[in-house]
Amino acid sequence: MTQRNWTMSLHKALATVALVFLMAASAHAELLIRITEGADSAIPISIVPFAENGAIPPGDKVSSVVQSDLTMSGEFRPLPPEKMLSLPSKREDVFFRDWRLLGQRYVLVGELTRSADRVQARYELFDVNTEQRVLGETAAAPASNLRTLAHHISDKVYEAITGVRGAFSTKLAYITLDSFNGKPRYRLQVSDVDGKRARIRLESEEPILSPAWSPDGKKLAYVSFETGKPVIFVHELASGKRTKVADFSGLNSAPAWSDDGQSMLMTLSKDGNAEIYRMNLQNRQLTKITNHWAIDTEASWDHTGKGLFFTSDRSGGPQIYHKEDAGAEPRRITFGSRYNARPRPDNSGKFVYYVHQRDRAFHIARTNLKSGEETILTRTESDESPSVSPNGRMLIYATKQGGSSVLTVISADGGAAYSLPASEGDVREPAWGPLAR
């Protein structure tokens, strides 16, 4: 990632951003998944292949998707089915001694039944040591939508064991670039968190930047250069309807929704300098949040919904600042290097994540907001665009891997990782969608 020169003109900054995207290689819609590192403390669990009654559609098996989901979290270490001593599908067939011999802590069993155009899953989760049922449920989905059913089961199992809602049913938004007839073709895409079922939502020959999810998961805001300048749009995913919300002179960038979806933070330079504004999306009224000679940008709401984090070069280089509310004085958060940018807080108020430069490399770091302790989470060297999962347990960011840009997901403490490269080319600007309400 090329370090931004925060003293350059805004026009040069925008040209630099566009150049980064123009240099990307071609990319197809589908993302792959590659586990790169597991956590030493991962919980051993067995997801037994589910029994099947009726004509279950071919393709990804429900139990296989659950196994992949839990592996991706970094918090679980599923036992490969070929190492299992038996394949039970109900409680009476589970011999706990066998699972203890295999070193397992939990075992998940279940059965799928086809009825007309729907498939019902009956599943149970057991604690191997206590021999008690931890979870038991039935759930159903259309036969054509078994991945959704599998992600639902993954969420339930994750929550039953950790006490935290699972995020496997949420979505990712990201940008890829293709080349068509010698011209760039930018694509805004949405997929499952494992990169599957990707759908192209917008194509353009001009750059698309900074996708941001509405709190209900029904809309995306983003910056598009399709008119020859940066403009913020809101895109309704179900209907495809697009609405311009910020088309002022100069810079329109870095949209961030409020928790109620009624307003949006954004960076505007309509009065000459880049400042952070809040826009009421009902009447388009603007409130100026920062007023300083420096460049203030990349705002995101804190966990209270009243305060905000943002990047500013008011101390001489880009650093993270926090305002407890719109009228409060900004407080500097980061001090560990000359470059810290793009803050993304978790939903607990404990940490803020950001891009951190050290020894000419760019990493993802986090600061404990209570103690001020800074932790470098990544070991790659060109990391950018962090986005925190809505349950606060994982983090996705863009990085370089083997010469290509990929998305990488790590546990929030950096203890495990998996990557989501495009099947060809580069993928950037990830945004993790919200939990279902």
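Here is a short back-and-forth on how some features of this predicted model get their labels.

Me: Before we start, what should I know about the model and its numbering?
Reply: This is a predicted model, in which local features need pLDDT of at least 70 and side-chain atom pairs count only at pLDDT 80 or more, while totals for chains, interfaces and linings use all residues. Residues are numbered from 1 along each chain as its sequence is written, and side-chain values use heavy atoms, with hydrogens and water left out.

Me: Which domains does the protein chain have, and where do their bounds come from?
Reply: The assignment gives domain 1 (33-162) and domain 2 (171-432). Such bounds come from an automatic or database domain assignment. Taken over C-alpha atoms, the centres of the two domains are 34 Å apart. Domain 1 puts 18 residues into the contact and domain 2 puts in 17; contact here means heavy atoms within 4.5 Å.

Me: What is the area buried between domain 1 and domain 2?
Reply: About 1500 Å², with carbon and sulfur atoms giving 47% of that. Buried area is the accessible area (1.4 Å probe) that two parts lose on being put together, summed over both.

Me: What makes Arg147 and Asp192 a salt bridge?
Reply: The rule asks for a side-chain nitrogen of Lys or Arg within 4 Å of a carboxyl oxygen of Asp or Glu. The closest N and O atoms of Arg147 and Asp192 are 3.8 Å apart, so the pair fits the rule. Between domain 1 and domain 2 the count is three salt bridges. There are also five residue pairs in polar contact there, both residues at pLDDT 80 or more. A polar contact is a pair of N or O atoms within 3.5 Å; within protein, one must be able to donate a hydrogen and the other to accept it, and residues adjacent in sequence count only if both atoms are side-chain atoms.

Me: Which part supplies the largest share of the side of domain 1 that touches domain 2?
Reply: That would be helix H4, with five residues. Helices (H or I, at least four residues) and strands (E, at least two) are DSSP runs, numbered from the N terminus.

Me: Why can side chains of opposite charge pair?
Reply: Because their charged atoms can come close. In this model the salt-bridge count comes to 23. One of them joins Asp192 and Lys171, at 2.6 Å from N to O. Asp192 sits in strand E9 (residues 183-192) and Lys171 in strand E8 (residues 171-180), so this pair ties together parts that are 21 residues apart in sequence.

Me: Is Asp192 called buried or exposed, and how do you know?
Reply: Buried means under 20% relative accessible area, exposed over 50%, and partly exposed in between (1.4 Å probe, protein chains only). Asp192 has 1%, so it counts as buried. Its partner Lys171 has 31%, so Lys171 counts as partly exposed.

Me: What about Asp426 and Lys400: why is that pair a salt bridge?
Reply: Their closest N and O atoms are 4.0 Å apart, so the pair meets the cut-off already given. The two are 26 residues apart, with Asp426 in the loop between strand E30 (417-420) and strand E31 (427-432), and Lys400 in strand E28 (residues 394-401). At 7%, Asp426 is buried, whereas Lys400, at 37%, is partly exposed.

Me: Which residues do salt bridges that share partners join into one network?
Reply: Asp60, Arg147, Lys171, Asp192, Asp194 and Arg197.

Me: Why is Asn368 called buried?
Reply: Its relative accessible area is 15%, so Asn368 falls under the buried cut-off. Asn368 lies in strand E25 (residues 361-368), and its side chain reaches the backbone nitrogen of Ser371 at 3.1 Å. Not counting residues up to four places away in sequence, Asn368 touches Lys350, Phe351 and Glu373.

Me: Which strands are called edge strands in the open sheet E19-E20-E21-E22?
Reply: Strand E19 (296-301) and strand E22 (331-332), because each pairs on one side only. Two strands pair if DSSP finds at least two bridges between them. E19 and strand E20 (residues 308-312) have four bridges, so they count as paired, in the antiparallel sense. Thr297, for instance, has Thr311 in E20 as its bridge partner.
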